[in-house]
Amino acid sequence: MTFQRNSINDNGGAIPPNFLELANTESNSHYMRKCKELGIKPHPARFPKEFAEFFIKFLTNEGDLVLDPFAGSNTTGYAAEKLERQWIAVELNEPYIEGSILRFEEEPSLFESELKVYGSKNA
Ligand SMILES: C[S@@+](CC[C@H](N)C(=O)[O-])C[C@H]1O[C@@H](n2cnc3c(N)ncnc32)[C@H](O)[C@@H]1O
């Protein structure tokens, strides 16, 4: 991962954008493999776990609460869990949230956490 700042490069006065450069290894993730195995359509617009990790580490401390109001496949919640934050994921499309549970099967220790899914069926 590369985080470029204006102060690092001499761009001759031009204002370069700050950006995160991340390898996209998501296609080989446990989530993607399980979706394929179970015939579940993966979320079409996931972002790399490292993207969520960067901002969670930057903006929060262990034990803090991370909220993603547009969670999709819950990349953010997964990253937050691994970084020992609490998290809440809100997603309009229930199948995406159901599929996101596959992320937490990767490491049995993550299942020790209390994972609750609230949906319109449970309301
Ligand atoms: C770009 S995707 C998020 C992808 C996510 N970052 C990931 O890595 O999987 C945005 C999500 O917001 C959801 N969404 C859109 N409007 C919403 C709303 N009003 N409340 C909750 N979720 C919403 C969409 O269903 C979609 O899954």
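In the predicted model, the axes of helix α2, spanning residues 49-59, and helix α3, spanning residues 75-82, come within 9 Å and cross at roughly 55°. Because an angle of that size falls in none of the roughly parallel, roughly antiparallel or roughly perpendicular ranges, α2 counts as oblique to α3. The crossing in which α2 passes α3 is right-handed. On the side of α2, the contact is formed by K49, A52, E53 and I56, and on the side of α3 by T75, T76, Y78, A79 and A80. Classified by residue type, the participants in this contact of α2 with α3 comprise 5 nonpolar, 2 polar and 2 charged residues.

These two helices belong to a protein that contains 4 helices and 4 strands, arranged along the sequence in the pattern β-β-α-α-β-α-β-α. The helices α2 and α3 are thus named by their order from the N terminus. Of the 123 residues of the protein, 21% count as buried. Among contacts in the protein with a separation of 6 or more, 45% are accounted for by residues 24 or more positions apart.

The ligand is surrounded by 13 residues, of which F70, G72, S73, T75 and L92 come nearest. One of these, T75, also takes part in the contact of α2 with α3, on the α3 side. By class, the shell around the ligand consists of 6 nonpolar, 5 polar and 2 charged residues.

Definitions and conventions:
Residues are numbered from 1 along each chain as its sequence is written. This is a predicted model: local features need pLDDT of at least 70, side-chain atom pairs count only at pLDDT 80 or more; totals for chains, interfaces and linings use all residues. A residue is near a molecule or strand if its C-beta atom, placed from the backbone, lies within 6 Å of it. Ala, Val, Leu, Ile, Met, Phe, Trp, Tyr, Cys and Pro count as nonpolar, Asp, Glu, Lys and Arg as charged, and the others, Gly among them, as polar. A residue is buried if 20 or more other C-beta atoms lie within 10 Å of its own, exposed if 12 or fewer, and partly exposed in between; C-beta atoms are placed from the backbone. Two residues are in contact if their C-beta atoms, placed from the backbone, lie within 7 Å. Axes are lines fitted to C-alpha atoms, for helices over the stretch in contact, and angles run from 0 to 180 degrees between N-to-C directions. Angles under 35 degrees count as roughly parallel, over 145 as roughly antiparallel, 65 to 115 as roughly perpendicular and the rest as oblique. A crossing is left-handed if the near helix is turned anticlockwise from the far one by less than a right angle, and right-handed if clockwise.
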